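Open the model in your viewer and keep the sequence panel visible. The tour goes from backbone details to the ligand, then to the domains.

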Amino acid sequence: MELPAPLRLAVEQALAHVPRADLTRAAGLLSQRYRAERRDGRFHLAGDLAALAYLATRLPATFAAISASMSAVSQIAGEFAPRTMLDVGAGPGSAMWAAAECWPSLDDALLIEASAPIRALGHRLAGDISVAKVEWQDRNLDQGLPDMPPRDLVTLAYVLDELEPPSRERLIDRLWALTGGILLIIEPGTPAGWQRILDARTRLVALGAHLVAPCPHSAACPVISPDWCHFSRRVARSRLHRQVKEADVPWEDEKFIYVAASRSPVRPPAARVLTPPRSAPGRISLKLCTDKGHLEERLVSKRDKDAYRTARRAGWGDAI
Ligand SMILES: C[S@@+](CC[C@H](N)C(=O)[O-])C[C@H]1O[C@@H](n2cnc3c(N)ncnc32)[C@H](O)[C@@H]1O
């Protein structure tokens with residue numbers, strides 16, 4: 001998965017004259033803060049270099065995870081064609097770019113972001129985006145969100161881990177109240193990220209939301225810790241990305257987890273594939289979360305032609 005061409009070019013321009021050594025150092029510090037899930041009252045993207053390092057090393061991965069989640073949503077909610085969007089903790093506008101690619105109907109985006117350096121970069125990158133109206137608002141989520149009419153699509157990507165638990169609960173309630181169509185929340189695919197998504201899922205179901213993806217049911221999640229539900233997307237690394245990360249491999253796998261909830265009921269798929277399918281000669285084994293709310297290991301034999309064809313095409317995270 002790669003960034004859309006206008007975004008990729010704008011990122012390259014923004015990074016062109018930044019000394020590589022500075023970027024590498026800033027990327028290292030940023031990565032340490034994310035890994036430690038540090039919440040010390042400072043924004044991770046408080047400075048210009050941290051914001052530039054985010055463009056170089058995190059934007060390709062968060063864009064890929066958001067795009068994959070949106071694609072899963074559009075497969076289930078085929079009629080959904082959002083015109084308006086609210087993105088909270090927007091960073092450089094990753095979710096807006098992914099939404100514009102997934103839903104060309106999008107023509108009005110409101111992005112809320114408290115860090116001035118990343119907001120300024122996001123504003124600059126979005127010069128050539130297809131969305132007609134893009135508005136950036138400087139607002140700290142801890143102080144709540146302003147009153148506004150609900151928006152068709154509301155997104156919160158890779159933000160919950162930066163908030164304290166009481167702020168998270170308030171924010172989910174508020175975002176649901178501002179959702180006219182679908183609310184999509186995405187987190188890193190770690191056990192802690194999954195737990196935050198699980199809490200958001202529980203709250204949204206209690207508020208009467210209809211789950212769209214990844215869950216094919218609204219019953220209690222059948223995945224039991226230390227296992228955790230997550231998916232993965234392979235992300236191409238540019239030369240600069242490799243230099244800044246001091247890495248040789250031309251790709252990385254971004255692990256993520258998400259939940260999408262709708263105001264209207266949707267028809268759930270029969271199941272979702274929870275792990276990479278395992279193949280052996282003449283058979284494929286799939287770990288599924290089913291619409292009955294259960295986990296199931298399904299062994300599909302080549303003799304069962306239709307099921308085998310479906311299983312062969314199925315990938316980790318797909319609805320079947
Ligand atoms: C990891 S970045 C994610 C950015 C973008 N959503 C993405 O997926 O690439 C988290 C963003 O949330 C913003 N953020 C964190 N806490 C916030 C708060 N209390 N108020 C507003 N923005 C906040 C940060 O400044 C940062 O830009």
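Helices and strands here are DSSP runs, numbered from the N terminus, with at least four residues for a helix and at least two for a strand. The model is a predicted one.

Select Tyr158, in the loop between strand E4 (151-157) and helix H7 (165-177). Its phi is near 60 degrees, a positive value in a residue other than glycine. Most residues other than glycine have a negative phi. Is Tyr158 buried or exposed? Tyr158 counts as buried because 22 other C-beta atoms lie within 10 Å, and the cut-off for buried is 20 or more.

Next, go to the loop between strand E6 (210-213) and strand E7 (231-236), where Pro214 lies. The peptide bond from Ala213 to Pro214 is cis, with omega near 0 degrees. Pro226 is also found in the loop between E6 and E7. The bond from Ser225 to Pro226 is cis, with omega near 15 degrees. Most peptide bonds are trans.

Now select the ligand and the 20 residues that surround it. The closest are Thr62, Gly89, Gly91, Ser94 and Ala114. Helix H4 (59-76) and helix H5 (94-102) are the elements that give two or more residues to this shell. By class, the shell has eleven nonpolar, six polar and three charged residues.

Finally, colour domain 1 (5-262) and domain 2 (271-313) separately. Their centres, taken over C-alpha atoms, are separated by 30 Å. At the contact, eight residues of domain 1 meet ten residues of domain 2. The domain 1 side that touches domain 2 has seven nonpolar residues, one polar and no charged ones.

Conventions
Residues numbered from 1 in each chain as written. Predicted model: local features only at pLDDT ≥ 70, side-chain atom pairs only at ≥ 80, totals over all residues. Domains from an automatic or database assignment. Contact = placed C-beta atoms within 7 Å. Nonpolar A, V, L, I, M, F, W, Y, C, P; charged D, E, K, R; others polar. Near = placed C-beta within 6 Å. Buried ≥ 20, exposed ≤ 12 C-beta atoms within 10 Å, placed from the backbone.
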